[in-house]
Amino acid sequence: MKDQNCAYCARGELLDQFGIFICDLKVSSLILFREQSHPGRCIVAYRDHVSEMVDISDEERNAFFEDVAHAARAIHAAFSPDKVNYGAYGDTGCHLHMHLVPKYRDAYEWGGTFEMNPGKTLLTQDEYEEMIEKIKRCL
């Protein structure tokens with residue numbers, strides 16, 4: 001089930017506004033968040049347009065969390081954060097997804113809740129491609 005008004009479903013220009021598709025995982029997509037105040041920040045978005053974890057079977061939910069853990073392991077291996085914060089929102093987007101936000105001691109927002117889109121750190125296309133390749137090597 002897809003919704004062509006949803007960035008995670010339609011991809012293309014809608015997704016490009018805030019993210020870059022990296023690859024498909026078992027039941028979700030891995031997306032690099034364009035705003036990189038937290039180096040390595042990604043989103044894991046479930047493959048179908050559902051709003052809540054309770055909208056999928058236990059098996060699918062477990063597979064989604066396996067994808068989240070798989071992505072988190074890759075982020076740890078690629079960027080060596082001190083901690084990864086996990087955020088599940090969707091008040092307006094209504095598509096099941098989770099933000100994986102690497103946090104670094106003595107760096108931006110350590111010890112606090114991450115800002116959704118601070119707009120402080122945007123990269124060049126080459127820098128995004130380097131990050132994506134680094135993540136892919138660690139998957």
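Select strand β3, residues 42–46, and then β5. Four bridges join the two strands, which run antiparallel. This is a predicted model, so read what follows as a description of a prediction. For one contact point between these strands, pick C42: opposite it, in β5, stands L100.

**The whole sheet**

Now show every strand. Five of them form an open sheet. Follow the order across: β1, β2, β3, β5, β4. The pairing is antiparallel. Strands of a sheet pair through backbone hydrogen bonds, either parallel or antiparallel.

Which strands sit at the edges? Select β1 (19–24) and β4 (83–87); each pairs on one side only. Turn the sheet to look along it. From one strand to the next, the twist averages 25°.

**The hairpin**

Go to the β1 end. β1 and β2 form a hairpin, with three residues between them. Their pairing is antiparallel and covers five bridges. Click I20 to find one such pair: its bridge partner in β2 is L32.

**The helix across the sheet**

Next, select helix α3, residues 58–79. What does α3 lie across? The helix lies across β2 (28–33), β3, β4 and β5. Relative to β5, α3 runs at about 25°.

**The annotated span**

Colour residues 39–110. UniProt, in an unreviewed entry, places the feature "domain: HIT" here. The span is 31% helix and 24% strand. Now select the C-alpha atoms at its two ends, residues 39 and 110: they lie 13 Å apart.

**The largest pocket**

Last stop: the largest pocket, with about 300 Å³ of space. It is lined by 15 residues. Which of them are closest to its centre? Select Y8, F18, T92, G93 and H97. Then highlight α1 (7–10) and β5 (97–103), the elements that give two or more residues to the lining. So β5 returns here, after its bridges to β3.

Finish by colouring the lining of the largest pocket by class. Eight residues are nonpolar, six are polar and one is charged.

How values were computed: Residues are numbered from 1 along each chain as its sequence is written. This is a predicted model: local features need pLDDT of at least 70, side-chain atom pairs count only at pLDDT 80 or more; totals for chains, interfaces and linings use all residues. Side-chain values use heavy atoms; hydrogens and water are left out. On a 1 Å grid over the protein atoms alone, a cavity is a set of points where a 1.4 Å probe fits but cannot get out, and a pocket is an open set with protein on both sides within 12 Å along at least five of seven lines; lining residues have an atom within 4 Å of a point. Grid points are joined across faces, edges and corners, and a volume is the space filled by probe spheres set on the points. Ala, Val, Leu, Ile, Met, Phe, Trp, Tyr, Cys and Pro count as nonpolar, Asp, Glu, Lys and Arg as charged, and the others, Gly among them, as polar. Two strands pair if DSSP finds at least two bridges between them. Axes are lines fitted to C-alpha atoms, for helices over the stretch in contact, and angles run from 0 to 180 degrees between N-to-C directions. Contact means heavy atoms within 4.5 Å. UniProt positions are given in the numbering used here, feature names are shortened, and annotations may be inferred rather than shown by experiment.
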